[in-house]
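Have a look at the protein below and turn it around slowly. We'll go looking for the empty spaces that open up between its atoms.

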Amino acid sequence: MRLTSLPAAALAMLAATAGPSRAEPRQYAIDPAHFSIVFNAVHIGYAPTWGMFLKGKGGFTFDEETRALTELSVEIEAASVFSNDERRGGHLRSNDFLAADAHPLITFDMTEARPETKTTGTVTGELTLRGVTRPVTLDVTLNKVGPYPFGNTHVVGVSARTVLKRSDFGSTYALEGGLVGDEVEIRIDLEAIRQ
């Protein structure tokens, strides 16, 4: 995901059934205006608290005929985290969580895409967060691919989900006593424009 999330993260599934190739693989760039990266973690056991990243970019190569996905890379700006509370946002950017000053980018680089159906599958890649790199697998759904109704463009729409443990990336603040959950649920929704 050099998108730079978590992540994507997130396109993991564009690869679905393979057949004889008639179309050619084409480059797609994620549209920043239609790129949502949201996450949540449980707060003291009461309820999940949600946040999102406001700035990310990325792209991939996709063959519309075979549904083959390659070269997916995403970058997310760690400091763009938003949780609808200024004080909490500052804490999320601190070394307790994202360490945004020392590690300004969250990145994801795909290593494998596995189809399950024509519209679902998984994407596995290397997620780098807080300077720590770990393998992460996303469940991906291909929502729609085709001509865009506005302008002369061709668009792919994708949704992706995963759950990771922040402690795997060195964030252990408030784990004791369950004040802040270790598991972080991530959802990525995006539209990407054919280049």
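Here is a walk through two pockets, one after the other.

Keep in mind that what you see is a predicted model. How do you find empty space in a protein? Rolling a probe the size of a water molecule over the atoms shows where such space is left.

Let's start with the largest pocket, which has a volume of about 630 Å³. Its lining is made up of 30 residues. If you want to find the centre, look for Phe39, Ala41, Leu92, Phe97 and Val180, which lie nearest to it. Two or more lining residues come from each of these elements: β1 (26-43), β2 (47-53), α1 (86-93) and β10 (183-194). Which one gives the largest share of this lining? That's β1, with 5 residues. As for chemistry, the lining of the largest pocket counts 19 nonpolar residues, along with 8 polar and 3 charged ones.

Now move on to the second largest pocket, with a volume of about 190 Å³. Here 15 residues form the lining, and Lys144, Tyr148, Val155, Gly157 and Glu191 are the closest to the centre. At least two lining residues each come from β8 (132-147), β9 (154-165) and β10. You've met β10 already, as it also gives two or more residues to the largest pocket. In the second largest pocket, though, β8 gives the most, supplying 5 residues. Sorted by class, this lining has 7 nonpolar, 5 polar and 3 charged residues.

Technical notes:
Residues numbered from 1 in each chain as written. Predicted model: local features only at pLDDT ≥ 70, side-chain atom pairs only at ≥ 80, totals over all residues. Heavy atoms only, no water. 1 Å grid on protein atoms, 1.4 Å probe; cavity = no way out; pocket = protein on both sides within 12 Å on 5 of 7 lines; lining within 4 Å. Points joined across faces, edges and corners; volume = space filled by probe spheres on them. Helix = DSSP H or I, 4+ residues; strand = E, 2+ residues; numbered from the N terminus. Nonpolar A, V, L, I, M, F, W, Y, C, P; charged D, E, K, R; others polar.
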